[in-house]
Amino acid sequence: METRVTSVVLALLVVAFISFRGAESRKARILDSFEYSAINCRAHSASLTDFGGVGDGKTSNTKAFKDAIDHLSQFSSDGGSQLFVPAGKWLTGSFSLTSHFTLYLHKDAVLLASQDMQEWPVMKPLPSYGRGRDAAAGRYSSLIFGTNLTDVTITGNNGTIDGQGAFWWQNFHKGKLKYTRPYLIEIMFSDTIQISNLTLLNSPSWNVHPVYSRDILVQGITIIAPITSPNTDGINPDSCTNTKIEDCYIISGDDCVAVKSGWDEYGIAFGMPTKQLVIRRLTCISPYSATIALGSEMSGGIEDVRAEDITAIHTESGVRIKTAVGRGGYVKDIYVKRMTMHTMKWVFWMTGNYGSHADKNYDPNALPLIQGINYRDMVADNVTMAARLEGIAGDPFKEICISNVTIGLAPKAKKVPWTCTEIEGMTSGVSPQPCDLLPDQGPEKITSCDFPPENIPIDLVQLKTCSLGMSYM
């Protein structure tokens, strides 16, 4: 009898243990489903944890990202794939994406950039630059990198990518880096790119760098870096066509948006302009740089840039054109309207003597063409100086048009609000009164400085509602 009771008790304990383990196992799996907007949806999904990812902020996930993306690349011709990064802190070095692919970050996911230099491959300099920006040698691969891709989305429910840039900034200031610092996101020689709904923190250098690419959407991005951090530009479209940047909030140590197309003789030889760019609903805080900069690396040309509904707060300049003798190239057909600025050093700044050459082999006869610059419908307050417009002797900046602009000067503003040399153009309805090189054409011209009415092609792209359902550990 005693033996039978003991057997029953043991059986019950085994059943209870199995039930407990089953319940524990069920609890350990997390079911998540999300909807998001994207240019294209995907047929196949996986979680980073399926490939050994550990979100403890200490374990390297570089191999997990590589293995996951290598596996998912097999679906590029079968409906595409998406990789889900769950809540957690995911330490990683540089990794590369694949085509017809979505990287999706949970709202509580944080990608932490590794500080192990072995996890950052070194690449050749960009061909339109001829050298690295920090050093003459190559450059470290960006944290999230892709080349020769089509149809790539990097998105999330405002998940975070933290570049842990202080490590890089300190080494940069101490002159200890042999190569140019990495960016957070760089996509090159690619098309149909979406970067959206993310928070980017403390990039080692530039944050978002699409280069030699087309059909690009950057939307709903928050970028934050210390205002004294070196070269932490926000979004830098570089030799790109058909790009839209909208609904972004940027605090940085450099230009919030910097439009580029190559450097001196290298950019001239490469010959790929940035064109068909629209920037909307941008908010910028950058006390030592520009809200929107055109250049200084503009040797491949910049044209057809449209910016509207822009807010700048405590920023050095509203719109800045940066160029120099030796750059060649052009900046033309630029349109900016409905810009609001608070506490600025300059509203308008054009620099024809920026300097900073790639090397000593630039052509001193390569003069830039700056033409067709249109600003209208702007308000600014607490401004130190309305404009500093400096063309190049023998190569004046032409067809500058400024209309319906009211600039409120700060109590300690410069006595002369406008300084102008080597420029040509007109104004209408601008206060304070512009310089003599920009004569007022009267109130009947206040609607001048036309903004193109037609859309660029990226504006016509309709986003799809995509879903992501995941069961993961």
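**A salt-bridge network across parallel strands**

Lys244, Glu246, Asp247, Arg280, Arg281, Glu308, Asp309, Arg338 and Asp459 are linked in a network of salt bridges. The model is predicted. In total, the structure holds 24 salt bridges. The network is described here together with the strands that carry several of its members.

The protein has 473 residues, of which 56% count as buried. Its secondary structure comprises 4 helices and 28 strands. The C-alpha trace spans about 115 × 45 × 45 Å along the principal axes.

Three strands frame part of the network. Strand E18 covers residues 241-251, and strand E20 covers residues 274-285. These two strands pair in the parallel sense, over 9 bridges. Within this pairing, glutamate 246 stands opposite arginine 280 of E20. Both residues belong to the salt-bridge network. Strand E20 also pairs with strand E22, residues 302-322. This second pairing is again parallel and runs over 8 bridges. Here threonine 274 has isoleucine 302 of E22 as its bridge partner.

Arginine 280 forms a salt bridge with glutamate 308. The closest N and O atoms of this pair are 2.9 Å apart. Arginine 280 lies in strand E20 and glutamate 308 in strand E22, so the contact ties together parts that are 28 residues apart in sequence. Burial was assessed for each partner. The cut-off for a buried residue is under 20% relative accessible area. Arginine 280 has a relative accessible area of 13% and is therefore buried. Glutamate 308, with 10%, is buried as well.

Glutamate 308 has a further partner. Arginine 338 forms a salt bridge with glutamate 308, and the closest N and O atoms are 2.9 Å apart. Arginine 338 lies in strand E23 (residues 330-351), whereas glutamate 308 lies in E22, so this pair ties together parts that are 30 residues apart in sequence. Arginine 338 has 36% relative accessibility and so counts as partly exposed. Glutamate 308 thus takes part in salt bridges with arginine 280 and with arginine 338.

Arginine 281 is another member of the network. This residue lies in strand E20. Its phi is near 50°, a positive value in a residue other than glycine. At 37% relative accessibility, arginine 281 counts as partly exposed. Its sequence neighbour, arginine 280, is buried at 13%. In a regular strand, side chains alternate between the two faces of the sheet.

A salt bridge between arginine 181 and aspartate 134 was examined next. The closest N and O atoms of the two residues are 2.7 Å apart. The pair links distant parts of the chain, 47 residues apart. Arginine 181 sits in the loop between helix H3 (166-173) and strand E14 (185-188). Aspartate 134 sits in the loop between strand E9 (122-123) and strand E10 (139-140). The two partners fall into separate accessibility classes. Arginine 181 counts as buried, at 1% relative accessibility. Aspartate 134 counts as partly exposed, at 22%.

Charged residues also form a surface patch. Asp333, Glu399, Glu422 and Glu424 make up a negative patch on the surface. Glutamate 424 is found in strand E27, residues 423-431. With 40% relative accessibility, glutamate 424 counts as partly exposed. Glutamate 422 is located in the loop between strand E26 (418-421) and E27. Its relative accessible area is 35%, so glutamate 422 is partly exposed. Glutamate 422 also has a positive phi of about 55°, although it is not a glycine.

Two cis peptide bonds were examined. One runs from glycine 295 to serine 296, with omega near 5°. Serine 296 is placed in the loop between strand E21 (290-294) and E22. Strand E22 is the partner of E20 in the pairing over 8 bridges, and it also carries glutamate 308. The other cis bond runs from serine 431 to proline 432, with omega near 0°. Proline 432 lies in the loop between E27 and strand E28 (464-472). Strand E27 spans residues 423-431 and includes glutamate 424, a member of the negative patch.

Definitions and conventions:
Residues numbered from 1 in each chain as written. Predicted model: local features only at pLDDT ≥ 70, side-chain atom pairs only at ≥ 80, totals over all residues. Heavy atoms only, no water. Pairing = 2+ DSSP bridges. Salt bridge = Lys/Arg side-chain N within 4 Å of Asp/Glu carboxyl O. Buried < 20%, exposed > 50% of the residue type's maximum accessible area, 1.4 Å probe, protein only. Patch = residues over 30% accessible without salt bridge, like charges linked within 9 Å, V, L, I, M, F, W, Y side chains within 5 Å. Areas by Shrake-Rupley, 256 points an atom, 1.4 Å probe, with all protein chains shown as cover. Lys, Arg positive; Asp, Glu negative; His and termini not counted. Charge placed at Lys NZ, Arg CZ, Asp CG, Glu CD.
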